Amino acid sequence: MAVAAAPTTVDNVPVHPRLSPQMMGMYIFLASEVMFFGTLFGSYFYLFASHNPWPPHGTHPVDWFPIPAINTIILLSSGVTCHIAHLGIQRGNRPRFLVWMVLTIVLGFGFEIGQAYEFIEKLAPSWIGADPSLAMAFNANGFATAFFTMTGFHGLHVLGGLVILVILLWRFQKGQFSARHHVGIAAGAIYWHFVDLVWVFLFGILYLWVTFPGIALFAPLR
């Protein structure tokens with residue numbers, strides 16, 4: 001039987017878990033993150049509008065397959081497993097939470113490994129036996145700088161999310177969460193879904209749109 005989470009109390013006044021002080025703090029933090037990534041996307045669109053063609057001639061091709069596509073599947077799958085883990089703790093099913101949260105963390109590290117491989121492939125292809133002439137320097141042009149900056153910051157946010165999930169798992173093992181008290185897990189799950197969503201936009205703009213320039217979605221910006 002599902003057990004509803006008990007409301008938090010502030011000055012003896014019941015507060016719904018989604019409106020608890022801890023959750024409100026996460027909402028405020030995510031609002032700042034939206035502004036941060038919004039600035040990055042805004043800068044990218046400014047570069048796009050002020051350069052023709054885009055990416056500039058001579059830019060090393062940014063293929064959406066296989067590594068980026070696989071990474072996308074891995075990260076979105078981790079969002080599903082994180083949600084299942086969250087539902088598990090909500091319903092008091094501790095084994096279910098443990099298994100699915102561990103799987104979420106494993107998938108998250110898999111994404112980071114894929115991201116690191118792609119960076120090496122572009123910055124130092126000779127390290128993996130690829131043609132050195134295919135290297136794309138960070139400061140090669142506006143697109144290269146934007147690409148590494150945006151995907152790099154996202155990778156750091158995923159790493160931060162993994163730290164949060166590992167800490168939550170440790171606290172869970174200490175018996176600090178239950179069906180009635182799991183606000184920390186709820187906050188961590190929301191953050192994880194946020195980094196998933198940001199990657200969807202990054203994948204669409206930096207990979208698919210560049211690979212298939214015929215998609216004139218942003219043509220009016222020119």
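A residue is called partly exposed here when its relative accessible area falls between the limits for buried, under 20%, and exposed, over 50%. Phe153, with a relative accessible area of 34%, therefore belongs to the partly exposed group. This residue of a predicted model makes a handy way into the fold, and its surroundings are taken up again below.

Taken as a whole, the chain has five helices and two strands. Read from the N terminus, the elements follow the order β-β-α-α-α-α-α. Of the 222 residues in the chain, 41% are buried. Among contacts with a separation of 6 or more, 75% join residues that lie 24 or more positions apart. The chain exposes about 11700 Å², and carbon and sulfur atoms supply 71% of this area.

A word on confidence is useful before turning to single residues. The mean pLDDT of the chain is 87, and 87% of the residues reach 70 or more. Residues 1-16 are another matter: pLDDT stays under 50 there, and the model has 26 contacts beyond four places in sequence for this stretch.

Back to Phe153, which is placed in helix H4. Neighbours within four places in sequence aside, Phe153 is in contact with Phe36, Phe37 and Leu40. With Leu40, the separation is 113 residues in sequence but 9.7 Å in space, taken from C-alpha to C-alpha. Phe153 also helps to make a nonpolar surface patch of about 740 Å², together with Phe109, Leu156, Leu159, Val163, Val166, Ile167 and Trp170. Helix H4, which spans residues 142-173, gives the most to this patch, with seven residues. One of the patch members, Ile167, likewise has its place in helix H4. Its relative accessible area is 43%, so Ile167 is partly exposed, and this value clears the cut-off of over 30% that a patch residue needs.

Helix H3 offers a view of a more sheltered position. Gly114 is found in this helix, which covers residues 94-123. Its relative accessibility is 11%, so Gly114 counts as buried, the limit being under 20%. Beyond the neighbours within four places in sequence, Gly114 is in contact with Ile67 and Asn71. Gly114 and Ile67 are 47 residues apart in sequence, yet their C-alpha atoms are 6.5 Å apart in space.

Aromatic side chains deserve a paragraph of their own, with 22 aromatic pairs counted in the model. One of them joins Trp64 and Phe65, whose ring centres are 5.6 Å apart with 55° between the planes, a tilted arrangement. The two partners fall into separate accessibility classes: Trp64 is partly exposed because its relative accessibility is 32%, whereas Phe65 is exposed because its relative accessible area is 54%. Another pair is made by Phe147 and Phe148, which meet edge-to-face at 5.4 Å centre to centre and 80° between the planes. Here both Phe147 and Phe148 are buried. The angles explain the two labels, because planes over 60 degrees apart count as edge-to-face, those under 30 degrees as stacked and the rest as tilted.

Note on methods:
Residues are numbered from 1 along each chain as its sequence is written. Side-chain values use heavy atoms; hydrogens and water are left out. Helices (H or I, at least four residues) and strands (E, at least two) are DSSP runs, numbered from the N terminus. Buried means under 20% relative accessible area, exposed over 50%, partly exposed in between (1.4 Å probe, protein chains only). Contact means heavy atoms within 4.5 Å. Accessible areas come from the Shrake-Rupley method with a 1.4 Å probe; for residues, only the protein chains shown count as cover. Rings of Phe, Tyr and Trp (its six-membered ring) pair if their centres lie within 6.5 Å; planes under 30 degrees apart count as stacked, over 60 as edge-to-face and the rest as tilted. Patches are made of residues with over 30% relative accessible area and no salt bridge: like charges are joined within 9 Å, nonpolar side chains (Val, Leu, Ile, Met, Phe, Trp, Tyr) within 5 Å. A salt bridge is a side-chain nitrogen of Lys or Arg within 4 Å of a carboxyl oxygen of Asp or Glu. pLDDT is the predictor's confidence in each residue, from 0 to 100.
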